[in-house]
Amino acid sequence: MSTENETILQFAPWESFVSPTFWHKLAELKLDYDRLSDSKRSITGHYTNRNASGCLLEVDYTAYNRTAQPPKFSHAAIGTIYNKNTIEEFKALDKLQLLVDEGKALLADMCSGAALRDPSLLTRFFVLSFADLKCHSYFYWFAFPCPLTPTLKLQGAVQKLRDLANSSSYISALKSLPTESQNFFILYANVESNVFEARNLSSLDEKDIELCYFGFADPSEYEHPAWIMRNYAAFLIQQCPSLVGKPIKFLGLRHNQQMSIDDSLVWQVIQTEACDLSQSGDIKFVGWELNKNGKMGPRMVSMRDSMDPAKLAENSVNLNLKLMKWRLVPDLNLEIITETKCLLFGAGTLGCAVARNLLSWGFKHITLLDSGKVGFSNPVRQNLYMHADAVAGNRMKATTAAQRLKEINPSAETAGYVLEIPMPGHTVGESLLAQTKEHLKVIEQLVQDHDVIFLLTDSRESRWLPTLLGAAKEKIVINAALGFDSYLVMRHGTTRTEAGDVGQEIEGLKCINGDQLGCYFCNDVTAPGNSLKDRTLDQQCTVTRPGVSNIAASYAVELLVALLQHPRKELAPAYYAQSGRGKSEEAAGKVPEGLLGILPHSIRGMLCNYENILPATQKFAQCIACSAAVLDQYKKEGHAFLLKTFETAKYLEDLTGISEFKRLNSEIIDFDDEEFDMSDDDEN
Amino acid sequence: MGDLSWKDFLTQAKQFLEISQKLGDNWVLEQKDSNEPNTYLKCSQKIKGQCGKNAGDLVSVEYHVVFSVSYQVPMLFFQAHRSDGSLLDVEATWKMFMPESKASDLHQILTQMDHPVLFRPYMALHPCRTAEVLKQFGKPSCNQVLSFISLYGPHVQLHLQNAYGLSQEYT
């Protein structure tokens, strides 16, 4: 035969294909059995020659079973896993030496005849790994050792089984071969005497060897035979040295989906040089798998998404939000929600409900501030506490709530601060001065460190300091206050200034830009004037219809989310239909909508008639909490100023000139009312 | 709401398995424990990624046909993983099965749900319209499980051989 039409036969390299269950089981074995031991462990893999994709060697959780149980239509491969204890050991291990050691074991099986009895020893592989069980990261490197023997030259074209003469006889002979022998076998084809037999590899005999096709289950989908043929050929030539220099016929058995083997391939090859594998000292080995970049190197996979329960929860929570984004609100910005840090003043009925709603929306940073303990009346309304918390007698609301939030969503970053909020008109005694100053510092820092301040306390005066700090530090402030069956939820006007569009003028609508909106203290807090009896929101805050707090808390969080989604955020204008000018309903329909609908300044609602109204009101130039006079004084004097206001609220009234105003209408500001005193058993 | 009872599901799943075995397919019936509904049909295959930077990379998809107690219909759950064992999330799954059409109906029904037998998040085709779809499917079928797989499977590249439809005794 001329040498011109001889090409060197190439092989399709193995591609490792790992099931997630392989890593799950490895983690379990490492934690429960191996612990600190890093001795090697026998494993099995499998490959299929039915409707093969690529040239895959697969491993799953069954790899660690004592005996190989390859799935239907698959064959077993024999392997070893070297799972190291540290990434350093993984890196430092002598990879060449490991390959040589494994390769020598393979050669021993080839030379001893063990591979003749159990040909699956020819499909040998090993895995070097390191499992970082804390981070759920797996570093691994597969190798399929193979001795570097003289090349096989391909003689003639690759042929399909069905194109061979006598193919139907071959096919019927092959059909009689039991599945478990299909990995490596011999097709004996004596055309002259019309004998066609599929035989076990163990019947290998040098006699009549030229009449044999050396068959193997071929997992390659390519024209090249799978890598296993390389070991197979080396083994056959070692067993039958007379094959050197003679044409050898290999049959790569390939099933399609319908189990037809017509497309199996036949390669006729020749190895011209001899090579004695029993002289293993001289043999070199190849077989480390290339990584995804086609380089010699290990691979790494992070299994956090499927193995870390916290991550599973996080992903599932995010999924609900993402579905909202994907299906209903494509422009929804979920990143801003995860990044926004919320500080809740008050961890009572409102605080608990707001915190839970924040978790539902995917907020991650939630800090609660409250000075109270969990009382016996609390758990039924304050949905982060249990009866046992009250029985314990020493559980503080802020810290307990923070811990519960974390239990609900481990990926949330929560904190609780047990702090009294200093209030105007509540004199600080000499003995408490140092502590109050200390608390003030903490509160100022907390406000500074967060993006959003929620006012959820039960008294009006406890909202003063957070309102002032929110304004002074240019934060978004969301306020919720309850009456017996009424509620007020509002966003405070911002002190942040930024150039940008001002609100549009729309007929019949009043428009107030975000920096012109009032705060809680700019406005009278009387419930909307309708036919029903007026009730001030704060005065009866400890006695409310239970649903009110949940409604208000939900509105508070939804208002914040709508605000965060607005291109101008807290600078977004608020519109409201001016009543008394007719057509107010028509005008209300024209309020410009953001991503999640309109963005009102405030929501005032009543349970007794199930109605909301959405007033927007201007900043009050003499406001005792957010006016320039107050903010300037705070910036100038700091704690000294605050302490003066705690001494007497009158100071504030004089400072803002409101005393004058109050004289004219003493109904509006009602500051020193003793009824507002916080009590221990209130709903906070 | 469908009209398939758990017992019917089990019977039909077993019939389906018989056909599969006759045809040499690799479906198996998995039974987890004794808490019904505890049994589902399972099979897996490799699929080549179609788009993006990983086009051509093989992905292994495991399909589960599970009984939905609340909808009384069969449900298709599945999980796909790459060659390193990492799972495809919903977005990656969508990209694999719907490279182009964003407005596709599949967008509405392919989601992630908790597997009713394994209690882990799995990809699923939502069962809300299955009963309706099965009813529209020509003459009433004797094996709803088989009809269901042949109707819903192709959306996620699960194609049954035509021979399933020719097993007259069950369809």
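Me: Let's start at a strand end: which residue in β5(A) does A:T48 stand opposite?
Reply: Happy to help, and please keep in mind that this is a predicted model. Strand β3 (residues 41-48) and strand β5 (residues 74-84) of chain A pair in the antiparallel sense, over eight bridges. Within β5(A), the residue opposite A:T48 is A:S74.

Me: And on β6(A), which residue is the bridge partner of A:Y82?
Reply: β5(A) is also joined to strand β6 (residues 124-132) of chain A, and these two run parallel, with seven bridges. The bridge partner of A:Y82 in β6(A) is A:L128.

Me: Is chain A spread out or a compact globule?
Reply: Chain A contains 20 helices and 26 strands. For its 684 residues the globule rule gives 26 Å, while the radius of gyration is 39 Å, well over that value. Its C-alpha trace spans about 125 × 60 × 45 Å along the principal axes. Because the radius of gyration is well over the rule's value, chain A is more spread out than a compact globule.

Me: How much of chain A counts as buried?
Reply: Take the contacts in chain A with a separation of 6 or more: residues 24 or more positions apart account for 73% of them. As for burial, the share of the 684 residues that count as buried is 41%.

Me: Which helix gives the largest share of the largest nonpolar core?
Reply: Nonpolar side chains tend to be buried together in soluble globular proteins. The largest nonpolar core here has 86 residues, and A:L344, A:V354, A:F454 and A:A556 touch the most other members. Eleven residues, the largest share of this core, come from residues 546-565 of chain A, which form helix α15.

Me: How many residues are in the other core that lies apart from it?
Reply: This other core includes A:L9, A:A12, A:L107 and A:A189. The number of residues in it is 78.

Me: Leaving aside neighbours within four places in sequence, which residues is A:L344 in contact with?
Reply: A:L344 is one of the residues that touch the most other members of the 86-residue core. Among its contacts beyond four places in sequence are A:G351, A:I366 and A:T367. The others are A:V354, A:A355, A:L368, A:L369, A:F454 and A:L456.

Me: Which are the edge strands in the eight-strand sheet of chain A?
Reply: This open sheet has mixed pairing and follows the order β19-β18-β17-β20-β21-β22-β25-β26. Neighbouring strands are turned by 15 degrees against each other on average, direction ignored. The strands that pair on one side only are β19 (413-418) and β26 (611-613) of chain A.

Me: In β21(A), what is the bridge partner of A:L455?
Reply: Strand β20 (residues 452-455) and strand β21 (residues 476-482) of chain A are paired in the parallel sense by four bridges. In β21(A), A:L455 has as its bridge partner A:N479.

Me: At about what angle to β17(A) does helix α13 of chain A run?
Reply: Helix α12 (residues 397-408) of chain A lies across β18 (365-370) and β19, at about 170 degrees to β19(A). Helix α13 (residues 433-449) lies across β17 (341-345), β18, β19 and β20 of chain A. Its angle to β17(A) is about 145 degrees.

Me: Turning to chain B, why do β1 and β5 each have one side without a neighbour in the sheet?
Reply: Chain B has six helices and six strands. The six strands form an open antiparallel sheet in the order β1-β2-β3-β4-β6-β5. β1 (28-31) and β5 of chain B stand at the edges, so one side of each is left without a neighbour, and each has a single partner strand.

Me: Which strands does helix α2 of chain B touch?
Reply: Helix α2 (residues 90-97) of chain B packs on the sheet, and its direction makes about 140 degrees with that of β5(B). The strands it touches are β3, β4 (73-81), β5 and β6 of chain B.

Me: How many polar residues are on the side of chain B that touches chain A?
Reply: In all, 17 residues of chain B are in contact with 24 residues of chain A. β3 (58-68) and β5 (110-114) of chain B each supply at least two residues of that side. By class, the side has four nonpolar and three charged residues, and its polar residues number ten.

How values were computed
Residues are numbered from 1 along each chain as its sequence is written. Chains are lettered from A and ligands numbered from 1 in the order in which they are written. This is a predicted model: local features need pLDDT of at least 70, side-chain atom pairs count only at pLDDT 80 or more; totals for chains, interfaces and linings use all residues. A nonpolar core is a set of buried Ala, Val, Leu, Ile, Met, Phe, Trp, Tyr and Cys residues joined through C-beta atoms within 7 Å. A residue is buried if 20 or more other C-beta atoms lie within 10 Å of its own, exposed if 12 or fewer, and partly exposed in between; C-beta atoms are placed from the backbone. Two residues are in contact if their C-beta atoms, placed from the backbone, lie within 7 Å. Two strands pair if DSSP finds at least two bridges between them. Ala, Val, Leu, Ile, Met, Phe, Trp, Tyr, Cys and Pro count as nonpolar, Asp, Glu, Lys and Arg as charged, and the others, Gly among them, as polar. Axes are lines fitted to C-alpha atoms, for helices over the stretch in contact, and angles run from 0 to 180 degrees between N-to-C directions. The radius of gyration is taken over C-alpha atoms; the globule rule is 2.2 Å times the number of residues to the power 0.38.
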